[in-house]
Amino acid sequence: MSLAEALAAEVDGVTTRLEFGRQRAIVPLESWHGAALAAKNALGCRMFDWLGVEDAGRPGAVGERHAVTLHVVHPGERAGLLMRTELPSGEALPSLASVWAGAAWHEREAAEMFGIALAGHPDPRRLLLPDSFAGHPLRKDFVLAARVVRPWPGGLEPGEADTSAPSRRRLAPPGVPGPEWGPRREEPQQ
């Protein structure tokens with residue numbers, strides 16, 4: 001029995017899903033902290049590895065849901081347990097810093113970069129960005145300032161340029177210098 005299946009047997013509401021050949025425990029948000037305690041105490045997953053967040057919003061619904069993934073390890077068996085929960089907009093993620101101290105840094109990073117709220121976190125200070133920074137840079141709806149200030153250096157699509165005739169730029173094969181290098185070859189004298 002995998003650790004994910006053992007966690008599902010231990011905690012009500014936890015289901016498992018086979019993803020890329022590995023069992024993952026899908027945990028309801030209200031059972032997140034309890035499932036983490038069960039993973040550590042009942043299953044022996046005493047080593048915290050990482051916690052990550054991703055924007056789980058579908059097109060048109062960016063920033064409405066975040067998927068939180070936790071990986072912990074049973075050191076004796078050298079087996080890992082992947083736990084995942086989904087965090088709706090406006091809900092707070094229960095902190096796991098009291099279960100694994102190493103989770104505190106990962107949770108602070110997730111809160112700062114994705115804008116998720118943490119419930120019961122011991123240190124709510126900012127971690128990476130200055131206090132004056134506005135926004136959450138890892139969210140899909142965050143506009144990169146470099147793209148706003150400076151135009152994209154690549155070629156434009158047909159019809160996007162201010163020219164009258166929409167056409168694509170002619171590309172030379174790799175290694176052939178551009179026209180700014182001068183004429184490509186000498187014309188033979190006749």
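Two strands are taken to pair if DSSP finds at least two bridges between them, and in this predicted model strand 3 and strand 4 satisfy that criterion with eight bridges, running in the antiparallel sense. Within this pairing, G52 stands opposite T69 of strand 4. The two strands belong to an open sheet of five strands, arranged in the order 1-2-5-4-3 with mixed pairing. Strand 1 (15–19) and strand 3 occupy the edges, and because each has a single partner strand, one side of each is left without a neighbour in the sheet. From one strand to the next, the twist averages 25°.

Two helices are placed against this sheet. Helix 2 packs on the sheet through strand 3, strand 4 and strand 5, and its direction makes about 175° with that of strand 5. Helix 3 lies across strand 3 and strand 4, where it runs at about 10° to strand 3. As for helix 1, its buried residues are L3, A4, A6 and L7. Viewed down the axis of helix 1, these buried residues fall within an arc of 160°, so they line one face of the helix. The elements that cover the buried residues of helix 1 include strand 1, strand 2 (22–26), helix 2, strand 4 and strand 5.

The largest nonpolar core comprises 35 residues, of which L7, W32, L70, L81, M83, L96 and W100 touch the most other members. At least two residues of this core are supplied by each of helix 1 (3–10), helix 2 (32–41), strand 3 (47–55), strand 4 (65–74), strand 5 (79–88) and helix 3 (103–114). Helix 2 provides the largest share, namely five residues. For L70, when neighbours within four places in sequence are left aside, the contacts are with W32, F48, W50, L51, L81, L82, M83, L96 and W100. Among these partners of L70, the residues W32, L81, M83, L96 and W100 are themselves listed with those that touch the most other members of the core.

Charged side chains were examined separately, and the count of salt bridges comes to eight. One of the residues involved is E19, whose side chain meets that of R17 in a salt bridge with an N to O distance of 3.0 Å. E19 also forms a salt bridge with R24, the closest N and O atoms being 2.9 Å apart. The burial of these residues can be stated against a limit of under 20% relative accessible area: E19, at 18% relative accessibility, therefore counts as buried, whereas R17, at 43%, counts as partly exposed. In the pair of R24 and E19, both residues are buried.

A further salt bridge is formed between R84 and E54, with the closest N and O atoms 3.4 Å apart. This pair links distant parts of the chain, since R84 lies in strand 5 and E54 in strand 3, 30 residues apart. R84 is buried, with a relative accessible area of 16%, while E54 is partly exposed, with a relative accessible area of 41%. Beyond this pair, a network of salt bridges links E54, R65, R84 and E86.

How values were computed
Residues numbered from 1 in each chain as written. Predicted model: local features only at pLDDT ≥ 70, side-chain atom pairs only at ≥ 80, totals over all residues. Heavy atoms only, no water. Core = buried A, V, L, I, M, F, W, Y, C linked by side-chain atoms within 4.5 Å. Buried < 20%, exposed > 50% of the residue type's maximum accessible area, 1.4 Å probe, protein only. Helix = DSSP H or I, 4+ residues; strand = E, 2+ residues; numbered from the N terminus. Contact = heavy atoms within 4.5 Å. Salt bridge = Lys/Arg side-chain N within 4 Å of Asp/Glu carboxyl O. Axes fitted to C-alpha atoms, helices over the stretch in contact; angles between N-to-C directions. Arc of directions from axis to C-beta.
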